[in-house]
Each structure stands twice: as structure tokens, then as C-alpha cells.
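Trainee: I'd like to learn how to read a model like this one, feature by feature. Can you walk me through it?

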Amino acid sequence: MLQTTPESVINWEQGRSEPAIKFMPRIIDYLSYCPLQEQDKSMGQKVRLKHRFEGLTSRQLAKRIRLDQSTVLKWEEKMKEPNTDKVRKCFQKYLGY
């Protein structure tokens, strides 16, 4: 169902590795919930969660919302709100605000 090897799943379960982003939509579908969800997330964290949920890399997301990949990574990693209107509006539109 996940289209990977049993060894990969065992490694994920035992914390020896993490699934590639491309597997997240299938994992979420299988579990019927998103194991990445947290409460009190910054906008960057919400963006990261959503694009992982969709199986997109930060590069694919950046292309989709027309921002530089380094800009997307910066806000995801710093876990704080964007301070420019352009970035904030791109993230808000992507998140459906």
C-alpha cells in the first residue's frame, strides 16, 4: 500500500530513518490522520506541514507559490512569521487564509 519495502517501514517505526516526503500522503491515508500535526504552529510550521502532507518538497512548493526556495526554507526553519508582505501573502494564499 505504501509502495516501499518492509525494511523501510521497520526503520521508520524504530526511528532509524524518516520516510521521504513523497510517502507522506500515503502514510496519512493509511493512518487516517497526520502524524506531523502539532498545536500552536507558526506560519512557517503550518506551511511545512501542509506541503509535506501533500508530498511536496520545499523546492516544489517554492515553485508553486513563486518564491525562492531559500525564502521558504528560511521561514520554515526559523519557525516564525514572515516579516514581508509578499512572503506573508504567498503563505496565506497557499494555506487558504
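Trainee: Let's start inside. Of the 14 residues in the largest nonpolar core, which touch the most other members?

Mentor: First, keep in mind that this is a predicted model. The idea with a core is to look for the members with the most partners inside it. Here those are V47, L61, I65, L67, V72, F91 and Y94, out of 14 residues in the largest nonpolar core. Then ask where the members come from: α3 (43-53), α4 (58-65), α5 (69-78) and α6 (85-95) each supply at least two residues.

Trainee: Which helix gives the most to this core?

Mentor: That's α6, with five residues. To see how one member sits, take I65: setting aside neighbours within four places in sequence, I65 is in contact with V72, C90, F91 and Y94. There is also another core lying apart from this one, made of five residues, including L2, W12, F23 and I27.

Trainee: Before going further, how many helices and strands does the protein chain have?

Mentor: Six helices and zero strands. Read from the N terminus on, the order is simply α-α-α-α-α-α. For the overall dimensions, the C-alpha trace spans about 45 × 25 × 25 Å along its principal axes. Of the 97 residues, 30% count as buried.

Trainee: And for contacts between residues at least 6 apart in sequence, what share joins residues at least 24 apart?

Mentor: In this chain, 49% of those contacts do.

Trainee: Now a helix pair. At what angle do α4 and α6 pack, and how far apart are their axes?

Mentor: For a helix pair, take the angle and the axis distance together, then go to the residues. The angle between α4 and α6 is about 100 degrees, and their axes are 10 Å apart. Angles of 65 to 115 degrees count as roughly perpendicular, so α4 is roughly perpendicular to α6.

Trainee: Which residues of α4 and α6 meet there?

Mentor: From α4 you have L61, R64 and I65, and from α6 the partners are C90, F91 and Y94. Sorted by class, this contact has five nonpolar residues, no polar ones and one charged. Remember I65 from the core: C90, F91 and Y94 turn up among its contacts too.

Trainee: Let's try a single residue. Is M43 buried or exposed?

Mentor: The recipe is: place it, check its accessibility, then list its partners. M43 is in helix α3. Its relative accessibility is 5%, so M43 counts as buried, given that the cut-off is under 20%.

Trainee: What is M43 in contact with, leaving aside neighbours within four places in sequence?

Mentor: Its partners are E81, P82, R88, F91, Q92, L95 and Y97. Q92 makes a nice example of sequence versus space: M43 and Q92 are 49 residues apart in sequence, while their C-alpha atoms are 8.2 Å apart.

Trainee: And how does T57 look by the recipe you used for M43? Where is T57 found?

Mentor: T57 is in the loop between α3 and α4. With a relative accessible area of 33%, T57 is partly exposed. Not counting residues up to four places away in sequence, T57 touches I21 and H51. For a sequence-versus-space check, T57 and Q14 are 43 residues apart along the chain and 24 Å apart, C-alpha to C-alpha.

Trainee: What about aromatic rings? How many aromatic pairs does the structure hold?

Mentor: One. In general, you describe a pair of aromatic rings by the distance of the centres and the angle of the planes. In this model, W12 and F23 form a tilted pair, at 5.4 Å centre to centre with 55 degrees between the planes. The pair links distant parts of the chain, eleven residues apart: W12 is in helix α1 (residues 6-13), whereas F23 is in the loop between α1 and α2 (24-31). Both W12 and F23 are buried.

Trainee: Last one, backbone angles. What is the phi of Q3, and what is the phi of R66?

Mentor: Here you look for positive phi values outside glycine. Q3 has a phi near 60 degrees, and R66 has a phi near 60 degrees as well. Q3 is in the segment before α1, while R66 is in the loop between α4 and α5. As for accessibility, Q3 is exposed with a relative accessible area of 64%, and R66 is exposed with 72%.

Conventions: Residues numbered from 1 in each chain as written. Predicted model: local features only at pLDDT ≥ 70, side-chain atom pairs only at ≥ 80, totals over all residues. Heavy atoms only, no water. Core = buried A, V, L, I, M, F, W, Y, C linked by side-chain atoms within 4.5 Å. Buried < 20%, exposed > 50% of the residue type's maximum accessible area, 1.4 Å probe, protein only. Helix = DSSP H or I, 4+ residues; strand = E, 2+ residues; numbered from the N terminus. Contact = heavy atoms within 4.5 Å. Axes fitted to C-alpha atoms, helices over the stretch in contact; angles between N-to-C directions. Parallel < 35°, antiparallel > 145°, perpendicular 65-115°, else oblique. Nonpolar A, V, L, I, M, F, W, Y, C, P; charged D, E, K, R; others polar. Phe/Tyr/Trp six-rings, centres within 6.5 Å; stacked < 30°, edge-to-face > 60°.
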